[in-house]
Amino acid sequence: LASRDFHPEDTVISIKGVDIGGKELVVMGGPCAVESAAQIDEIAGLVKAAGGQVLRGGAFKPRTGPYSFQGTGVEGLIMMAEAGQKHNLLTITEVMTPEYVDICAEYADILQVGTRNMQNFDLLRKLGECGKPVLLKRGFSATYDELLNAAEYILAGGNPNVMLCERGIRTFEQYTRNTLDLSAIPVLQSLSHLPVISDPSHGTGRRELVEPMTKASVAAGANGLIIEMHTDPDNSMTGDGVQSLFPDQFANLLQDLEKLAPIV
Ligand code: PEP
Ligand code: MN
């Protein structure tokens, strides 16, 4: 079902007037984690003012260590839904387990599957029945074929609204946190009709590389971007402050993108 042979036309996912996979470039921006109502409200205002369409923020965080901050949970979901509504933005949040799919689907417009869960098949099956669009991140050691097979689980469950996300893969290079595989963008678009979103934040792990790799992703044909932005990255509650843009950097980048994005 994910293959272009089966479905030659590009899939366009329409959510409350925003088309993902069409001619317009979609930008999802926000913090790694929802930290407080005030934090997500302020950042939502900045994402909207910069021209973004979707507010990102994790309420449930997949942390490498069990003693690290694990997210604000359902309270975070509620805070983000309120900020999204107030600022007229769609929302995207990560869901980590099948048990939480229903509650995440109640509060968010798009459900994100994180890189560590790309092959959590029970989660994927549940997302096939959730009735909400899904952004499926590529596992950091997954091939294109494995990513497309993971998408197939969601599609086969009856949910046609799946976006594929390149978020960097693990290579021998240590300077960057991950290596953003730009080739994934045109390759996935040739193999599949599903929209392809690039995540230059996790894809590099370094703030100064987010701007050039965002632009490179757009040049490579990405349908959208998911970018971390924080008002106080040095004090962010996850380790992802080092890759989060400051609000002015985010706004300037979106302005530059208007010059790069395909002219409709
Ligand atoms: C995130 O988006 O904050 C995140 C945890 O992403 P990934 O699954 O790509 O590491
Ligand atoms: Mn993050």
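In this predicted model, ligand 1 is surrounded by Cys32, Gly58, Pro62, Gly114, Thr115, Lys137, Arg167 and His202. By class, this shell holds two nonpolar, four polar and two charged residues.

Helix H9 covers residues 247-260. With 14 residues at 1.5 Å a residue, H9 should span 20 Å, and the distance of 20 Å between its end C-alpha atoms agrees with this. Phe250, Leu253 and Leu254 are the buried residues of H9. Viewed down the axis of H9, the buried residues lie within an arc of 100°, so they line one face of the helix. An α-helix has 3.6 residues a turn, so residues three or four places apart point the same way. The other side of H9 carries the exposed residues Asp248, Gln255, Glu258 and Lys259.

The buried residues of H9 pack against two helices and two strands, listed below.

| Element packed against by H9 | Residues |
|---|---|
| Strand S3 | 26-30 |
| Helix H1 | 37-50 |
| Helix H8 | 207-219 |
| Strand S10 | 224-228 |

The largest nonpolar core contains 71 residues, of which Leu127, Leu136, Ala151, Ile154, Met163 and Leu164 touch the most other members. Helix H5, residues 144-156, gives the most to this core, with seven residues. Leaving aside residues up to four places away in sequence, Leu136 touches Val113, Met118, Ala150, Ala151, Ile154, Val162, Met163, Leu164 and Cys165.

Technical notes
Residues numbered from 1 in each chain as written. Chains lettered and ligands numbered in written order. Predicted model: local features only at pLDDT ≥ 70, side-chain atom pairs only at ≥ 80, totals over all residues. Near = placed C-beta within 6 Å. Nonpolar A, V, L, I, M, F, W, Y, C, P; charged D, E, K, R; others polar. Helix = DSSP H or I, 4+ residues; strand = E, 2+ residues; numbered from the N terminus. Expected span 1.5 Å × (residues − 1). Buried ≥ 20, exposed ≤ 12 C-beta atoms within 10 Å, placed from the backbone. Arc of directions from axis to C-beta. Contact = placed C-beta atoms within 7 Å. Core = buried A, V, L, I, M, F, W, Y, C linked by C-beta atoms within 7 Å.
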